[in-house]
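Please open the model in your viewer and keep the sequence panel beside it. The tour below moves from one selection to the next and says what is there at each stop.

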Amino acid sequence: MTSDPAARHTGQQPLPSWWRRNRVALVALLPMLALALAASSFRYVSIYRPTTFVAGQVATGSTGRFLAPVPGAEPPTTRDVSITLVSATPHASSGDLGAAKGTRLWEVELEFAADPGVPLTGCTIELLDAAGQVYGTAGGKPVPATGRDRTAYPACVPEATPGPELDLDGRVIPATGRQRPASWPVLAVIAIPTAGTPVAVRIHWGPPDYAQLPLP
Amino acid sequence: MTTRQNAVTGLVVIAALAAGSALISRVPGPQEVALAPFLHAGTVGAPIHLRTGEIVVDGVQASTQVRQGAITASTSGHWLVVTLRYTAADTPASLAGMTVQSRDGRTYSLARPFQSACGVGQPGVTIACSMPFELAPDALEGAHLRVPAALLGGGEGDDIADVDLGIDAATAARLAVATEPVRIEAVTVVGAQRVGGTP
């Protein structure tokens with residue numbers, strides 16, 4: 001005995017359930033939902049990922065490697081540099097700089113090693129503490145008597161032999177003069193509150209790629 | 001379906017469209033919602049927390065002349081010099097894009113040749129700066145300082161501090177007659193301490 005009034009009236013078999021009648025569309029809905037979700041992630045791909053530090057090359061020892069393409073470089077170029085942390089120590093002063101009240105100046109000595117044809121000017125060196133706070137080279141340091149903090153934006157290349165550079169359009173300007181040595185020292189001076197303890201040094205040329213080395 | 005039913009259906013659809021259109025015209029659009037700032041109201045001397053750090057406005061001065069280094073600038077209106085402290089939160093950040101809004105909604109920005117940003121803040125380290133705004137004579141009373149959390153976007157969809165500078169009619173009258181040149185101090189590092197608190 002059937003409970004379907006239409007079937008009782010016509011004497012035919014009852015209609016299949018709504019789920020059964022639409023089963024093909026329901027199955028097709030799953031990949032469509034997955035595709036819709038993927039399509040809605042365009043902001044992550046086109047905005048957030050390129051502008052945040054998500055591609056870390058984190059070393060566990062004192063030496064690490066930064067390897068990433070230079071965005072928009074012409075001709076296409078890869079930054080490939082080996083970075084070694086020589087020392088990181090806090091001081092009350094550094095050169096002509098004195099630490100502000102309640103802060104210490106951390107001197108971070110690094111050694112870079114790279115092919116002379118790799119453009120490496122304009123890097124950023126930062127210290128990170130366990131809480132994830134990021135300390136840069138430009139802030140927190142009183143201006144010295146000379147009127148200029150020469151450590152605010154450290155050169156990541158030797159001053160006399162910087163190697164290739166990039167113009168504003170990303171074109172690689174070949175080096176002139178003497179060739180850059182195979183390796184060279186880089187010094188960063190970073191102000192950190194006395195209560196803070198850095199745990200790692202981060203080196204990058206803009207997001208998303210960065211190299212990170214642990215402090216001993 | 002009868003002609004009467006068709007007419008009723010048509011009227012219902014038209015009424016629904018009209019109601020929907022009226023509703024949409026009164027509700028902010030998605031772009032408007034996305035760009036709306038998160039205002040953090042405050043007063044002189046009170047810390048205000050923004051996404052990128054904490055600010056405290058210490059006070060205001062006014063004059064017809066300001067001086068920074070060898071540069072002196074005069075105005076037929078008023079220079080309003082706002083002194084403030086800033087402590088960056090988690091990453092190095094700079095206070096830039098500050099404006100003063102008059103009571104009637106006019107906006108005054110910082111102008112060259114004077115500093116247009118409050119240095120570079122280091123997390124946990126307080127810096128102090130004085131920012132000069134050139135205002136029309138009648139814009140002093142009721143002026144507010146607007147500080148976006150970041151220069152990029154000017155506070156659209158982001159935190160903005162809205163500080164009542166405490167300039168009532170009497171204060172405005174006193175500031176309006178000041179002619180003694182105000183010296184604009186360079187950005188100074190105060191040190192690691194809580195803003196508005198003790199080391």
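Domain bounds here come from an automatic or database domain assignment, and the model through which they are traced is a predicted one.

**Stop 1: the domains**

Begin with chain B and colour residues 1–36 as domain 1 and residues 38–191 as domain 2, following the domain assignment for that chain. If you place a marker at the C-alpha centre of each of these two domains of chain B, the markers will lie 46 Å apart. Then turn to chain A, where the assignment gives domain 1 as 5–40 and domain 2 as 55–214, and where the C-alpha centres of the two domains of chain A are 60 Å apart.

**Stop 2: chain B as a whole**

Hide chain A for the moment and show chain B as a cartoon, in which 3 helices and 11 strands can be found. Followed along the sequence, these elements of chain B come in the pattern α-α-β-β-β-β-β-β-β-β-β-α-β-β. The C-alpha trace of chain B spans about 90 × 40 × 30 Å along its principal axes, and its radius of gyration is 23 Å, whereas a compact globule of 199 residues would have one near 16 Å. Of those 199 residues in chain B, 34% count as buried. When contacts in chain B are restricted to residues at least 6 apart in sequence, 73% of them join residues at least 24 apart.

**Stop 3: an open sheet in chain B**

Select strands 1, 9, 8, 5 and 6 of chain B, which in that order make up an open sheet of 5 strands with mixed pairing. Why do strand 1 (38–43) and strand 6 (107–109) of chain B each have one side without a neighbour in the sheet? Both stand at the edges and have a single partner strand each, so one side of each is left without a neighbour there. Direction ignored, neighbouring strands of this sheet are turned by 25° against each other on average.

Strand 9 of chain B is a good place to see the mixed pairing, since its partners can be inspected one after the other. With strand 1 of chain B, strand 9 runs parallel and is joined by 6 bridges; B:His40 stands opposite B:Ala161 of strand 9 in this part of the sheet. With strand 8 (residues 144–148) of chain B, strand 9 (residues 159–164) runs antiparallel and is joined by 5 bridges. Here B:Val147 stands opposite B:Ala161, and B:His144 stands opposite B:Asp164.

**Stop 4: strands 3, 4 and 7 of chain B**

Now select residues 53–68 and 71–88 of chain B, which are strand 3 and strand 4, running antiparallel and joined by 14 bridges. The two strands form a hairpin with 2 residues between them, and B:Gly69 in the turn has a positive phi of about 60°. Along the hairpin, B:Gly59 stands opposite B:Thr83 in strand 4. Add strand 7 (residues 126–135) of chain B to the selection, for strand 4 also pairs with strand 7 in the antiparallel sense, over 10 bridges; in this pairing B:Thr83 stands opposite B:Ser130.

**Stop 5: two buried residues in chain A**

Bring chain A back and centre the view on A:Leu110, which lies in strand 6 (residues 103–114) of that chain. Is A:Leu110 buried or exposed? A:Leu110 has 23 other C-beta atoms within 10 Å and is therefore buried, the cut-off being 20 or more. Leaving aside residues up to four places away in sequence, A:Leu110 touches A:Ile83, A:Thr84, A:Leu85, A:Val86 and A:Val186. A distance label between the C-alpha atoms of A:Leu110 and A:Leu85, which are 25 residues apart along the chain, should read 4.6 Å.

Move next to A:Ile125 in strand 7 (residues 124–129) of chain A, a residue that counts as buried because it has 22 C-beta neighbours inside 10 Å. Its contacts, again not counting residues up to four places away in sequence, are A:Val108, A:Thr137, A:Pro154, A:Ala188, A:Val201 and A:Ile203.

**Stop 6: where the chains meet**

Finish with both chains shown and select the contact between them, to which chain A gives 18 residues and chain B gives 16 residues. On the side of chain A that touches chain B, the elements giving two or more residues are strand 8 (134–135) and strand 11 (183–193) of chain A. Coloured by class, this side of chain A has 7 nonpolar, 9 polar and 2 charged residues.

Definitions and conventions. Residues numbered from 1 in each chain as written. Chains lettered and ligands numbered in written order. Predicted model: local features only at pLDDT ≥ 70, side-chain atom pairs only at ≥ 80, totals over all residues. Contact = placed C-beta atoms within 7 Å. Helix = DSSP H or I, 4+ residues; strand = E, 2+ residues; numbered from the N terminus. Nonpolar A, V, L, I, M, F, W, Y, C, P; charged D, E, K, R; others polar. Rg over C-alpha atoms; globule rule 2.2 N^0.38 Å. Buried ≥ 20, exposed ≤ 12 C-beta atoms within 10 Å, placed from the backbone. Pairing = 2+ DSSP bridges. Axes fitted to C-alpha atoms, helices over the stretch in contact; angles between N-to-C directions.
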